[in-house]
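The following exercises concern a domain interface and two individual residues. Each task is followed by a solution in steps.

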Amino acid sequence: MKTYKIALIKGDGIGPEIIDEAVKVLDAVASCCNIEFSYEEALMGGCAYDITGDPLPQETINISLNSDAVLFGAIGGQKWDNLPREKRPESGLLRFRKELGVYANLRPVVVYDELINASSLKPEVVKGVNLMVVRELIGGIYFGEPKGRDENRGWNTMVYTRDEIVRIAHQAFKIAMTRSKRVCSVDKANVLDVSQLWRDVVTEVSKEYPEIELSHMYVDNAAMQLIRDPKQFDVMLTGNIFGDILSDEASMLSGSIGLLPSASVGAKIGVYEPIHGSAPDIAGQGIANPIATIASASMMLRYALGENEAADKIDAAIKRALKEGYRTKDLAQFDAKEVCSTSEMGSIIANYAAK
Ligand code: IPM
Ligand code: MG
């Protein structure tokens, strides 16, 4: 039997509730796939600041680097919004991504047939959507220098180096080779010099993948096209801030941001997390949707551990729970047979996954 070491970072708000459900499901599939997990918890975000004075204690980095993968909940909340920037939960998360070197953030957007009515767009527009946003995660305007502010000016710098673009482009092309071999690179090359370099380098790298069909799109047009006709996209390759914005937009194709998982990968350990935030307004009420986190655990099995069978079981269990009409509160108006709590949804999926 194989044992995997998983670092658990529950974080703030609904983070602990949704991670607990993902662990329940992981343990359920473990027993039937001849694997087991040993978990080590680590602190990050507001809860880490409250206890240690630092949103990202060194111990959390050590525990993570010493694991096979990191399963992450969510961080942040109003309580910490007025702290100096480097003490804020979000700064801890950005530092964490940088320390782990997770430069590629993979955000799949799949519209479940069972939830075709949940999207704010027409069913015929979203039916069958299956795309992947490949977002560069440790460069761009989030990290560029100089940055700062004084009384009258605030400034950040959008910068990409050739090497940063090359490595994320390879990621996108490799993923596309396992899908429909189409990549749309999104930039703002009509205005930004950094985007012009991005476009040139992506085009160069694409020469190594002759089977790939590469297109380029300006980010404002891409935002519009995602709503007009999302099925035109397969892999969308983009930089840090454009990817942040487009992936939230794309999440609404599926009906709830509570459904979408993500994987952040690089040279070392990968981080698997829902794309939604810590939702402090609903924390502790047992109404959060755990599916995004459970689906992130499935991505972890597939990408970090190569346990495809276990991942397939989880994906099928999520689909089955939705098909049978189980819905958490965020999706209660959409063909619900039964509205269930966070932990009931976790148990239903765990139960199906164990079969
Ligand atoms: C995300 C989040 C983060 C980001 C925040 C919390 C720093 O919005 O993971 O998309 O902007 O990257
Ligand atoms: Mg975001």
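A polar contact is a pair of N or O atoms within 3.5 Å; within protein, one atom must be able to donate a hydrogen and the other to accept it, and residues adjacent in sequence count only if both atoms are side-chain atoms. The model is predicted, so that local features need pLDDT of at least 70 and side-chain atom pairs count only at pLDDT 80 or more, while totals for chains, interfaces and linings use all residues. Residues are numbered from 1 along each chain as its sequence is written, chains are lettered from A and ligands numbered from 1 in the order in which they are written, and side-chain values use heavy atoms, with hydrogens and water left out.

**Exercise 1.** Characterise the interface of domain 1 and domain 2.

*Solution.*
1. The bounds, from an automatic or database domain assignment, are 1-103 + 262-355 for domain 1 and 120-254 for domain 2.
2. Taken over C-alpha atoms, the domain centres are separated by 25 Å.
3. Contact means heavy atoms within 4.5 Å; 10 residues of domain 1 touch 13 residues of domain 2 in this sense.
4. Buried area is the accessible area (1.4 Å probe) that two parts lose on being put together, summed over both. For this pair it is about 1,100 Å², with 68% on carbon and sulfur atoms.
5. The rule for salt bridges (a side-chain nitrogen of Lys or Arg within 4 Å of a carboxyl oxygen of Asp or Glu) finds zero across the interface. Two residue pairs are in polar contact there, both at pLDDT 80 or more.
6. Helices (H or I, at least four residues) and strands (E, at least two) are DSSP runs, numbered from the N terminus. On the side of domain 1 that touches domain 2, helix 4 (89-100) and strand 11 (261-265) each supply at least two residues; the largest share, three residues, comes from helix 4.

**Exercise 2.** Is threonine 342 buried or exposed, and what is it in contact with beyond four places in sequence?

*Solution.*
1. Threonine 342 belongs to helix 12 (residues 342-353).
2. Buried means under 20% relative accessible area, exposed over 50%, and partly exposed in between (1.4 Å probe, protein chains only). Threonine 342, at 3%, is therefore buried.
3. Its contacts outside that sequence window are Glu17, Glu21, Gly286, Ile287, Ala288 and Pro290.

**Exercise 3.** Locate tryptophan 198 and classify its accessibility.

*Solution.*
1. Helix 7 (residues 193-206) holds tryptophan 198.
2. Its relative accessibility is 2%, so tryptophan 198 counts as buried.
3. Leaving aside neighbours within four places in sequence, tryptophan 198 has contacts including Tyr160, Ile165, Ile168 and Leu237.
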